[in-house]
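Here are my notes on this one, jotted down as numbered points. Have the viewer open while you go through them.

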Amino acid sequence: MLGLKLPTDPRWVRIAEKNIEEILTDHAYCEQKATSTAISLIVSFPEYTELVQEMTKLVKEEISHFKMVHDKILERGWILGRDRKDEYVIKLVTFFPKGGSRTTQLVHRLLYAALIEARSCERFKLLSEELEDQELAKFYKDLMVSEANHYTMFLSFARQYGNREEVDKKWSDLLIYEAEIMKSLGTKESIHG
């Protein structure tokens, strides 16, 4: 369903499980960044009314996910650690050339967002199936469904606002590029790394 060309090595879950405090901190910041992305799309493309409406809903949902993750951190007696760079996203967003029409820029941002959500969904699925901590496994299963919905929403908007054939070609190329990025990741205690 997600179309990812390279699945996460299942051994990543063992790394995550041994470093769950780090995973939760990284996850909290992923939710905060997802909130920021939705706000940025509203600010950058206010003329796309349907997108603005959906991004407004998404801001509320993502910030509530941030709170849920933050609450998990606090329940375990920890505090939210510092944010760190997301190597995955930094590498991913270099794929499309800068510039182009506003529509092209929007499509590229929507495709990046769709792929980040798809990879998050895949990682959450692994955590939900493999974590020994059953409370966290259920937590990630519930969040996995949201990520899948976000992925399909972003991809649908890209197809709606761009030329469908061109968008599908760009999506296919981006998936191949992302698989290359993933070959060098999967060894760190982060959601995407």
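1. Let's start with Glu178. Outside its own stretch of sequence (more than four places away), Glu178 makes contact with Leu4, Tyr88, Leu92, Leu115 and Arg119. Glu178 sits in helix H7. Keep in mind throughout that this is a predicted model.

2. Is Glu178 buried or exposed? With a relative accessible area of 0%, Glu178 counts as buried, because the cut-off for that label is under 20%. So if you colour the chain by accessibility, Glu178 goes with the buried set.

3. Next along the chain is Ala179, also a residue of helix H7. Ala179 has a relative accessible area of 9%, so it is buried as well. Setting aside neighbours up to four places off, the residues that Ala179 touches are Lys5 and Leu6. The Leu6 pairing bridges a big gap in numbering: 173 residues in sequence, yet the two C-alpha atoms are 5.1 Å apart.

4. Where does Ser184 lie? In the segment after helix H7, which covers 164-183. Ser184 is partly exposed, at a relative accessible area of 47%. A polar atom of the Ser184 side chain is 3.0 Å from the backbone oxygen of Ile181. Tyr88, already met as a contact of Glu178, has its C-alpha 9.5 Å from that of Ser184, with the two positions 96 residues apart along the chain.

5. Now over to helix H6, residues 134-161, which holds His150. Its relative accessible area is 3%, so His150 is buried. Beyond the four nearest places in sequence, His150 is in contact with Leu58, Glu61, Glu62, His65 and Glu117. If you want one pair to zoom in on, take His150 and Glu61: their side chains form a polar contact of 3.0 Å.

6. The partner in that pair, Glu61, belongs to helix H3 (residues 49-75). Glu61 is partly exposed, with a relative accessible area of 28%, whereas His150 is buried. Which residues does Glu61 touch, once neighbours within four places are left aside? They are Ser146 and His150. For a contrasting distance, try Glu61 and Ser156: they are 95 residues apart along the chain, and their C-alpha atoms are separated by 19 Å.

7. Zooming out to the fold, I count 7 helices and 0 strands in the protein chain, so the pattern along the sequence reads α-α-α-α-α-α-α. The radius of gyration is 16 Å, close to the 16 Å given by the globule rule for 193 residues, so the chain is as compact as a globular protein of that length. On its principal axes, the C-alpha trace spans about 50 × 35 × 25 Å.

8. As for contacts and burial, take the contacts with a separation of 6 or more: 82% of them are between residues 24 or more positions apart. The link from Ala179 to Leu6 is one example of residues far apart in numbering, at 173 residues. Buried residues make up 47% of the 193 in the chain.

9. Last, surface and charge. The protein chain exposes about 9800 Å², and carbon and sulfur atoms supply 56% of that area. On the charge side there are 28 positive and 32 negative side chains, with the centres of the two sets 3 Å apart.

Methods:
Residues are numbered from 1 along each chain as its sequence is written. This is a predicted model: local features need pLDDT of at least 70, side-chain atom pairs count only at pLDDT 80 or more; totals for chains, interfaces and linings use all residues. Side-chain values use heavy atoms; hydrogens and water are left out. Helices (H or I, at least four residues) and strands (E, at least two) are DSSP runs, numbered from the N terminus. The radius of gyration is taken over C-alpha atoms; the globule rule is 2.2 Å times the number of residues to the power 0.38. Buried means under 20% relative accessible area, exposed over 50%, partly exposed in between (1.4 Å probe, protein chains only). Contact means heavy atoms within 4.5 Å. Accessible areas come from the Shrake-Rupley method with a 1.4 Å probe; for residues, only the protein chains shown count as cover. Lys and Arg count as positive and Asp and Glu as negative; His and the chain ends are not counted. The place of a charge is taken as NZ of Lys, CZ of Arg, CG of Asp or CD of Glu. A polar contact is a pair of N or O atoms within 3.5 Å; within protein, one must be able to donate a hydrogen and the other to accept it, and residues adjacent in sequence count only if both atoms are side-chain atoms.
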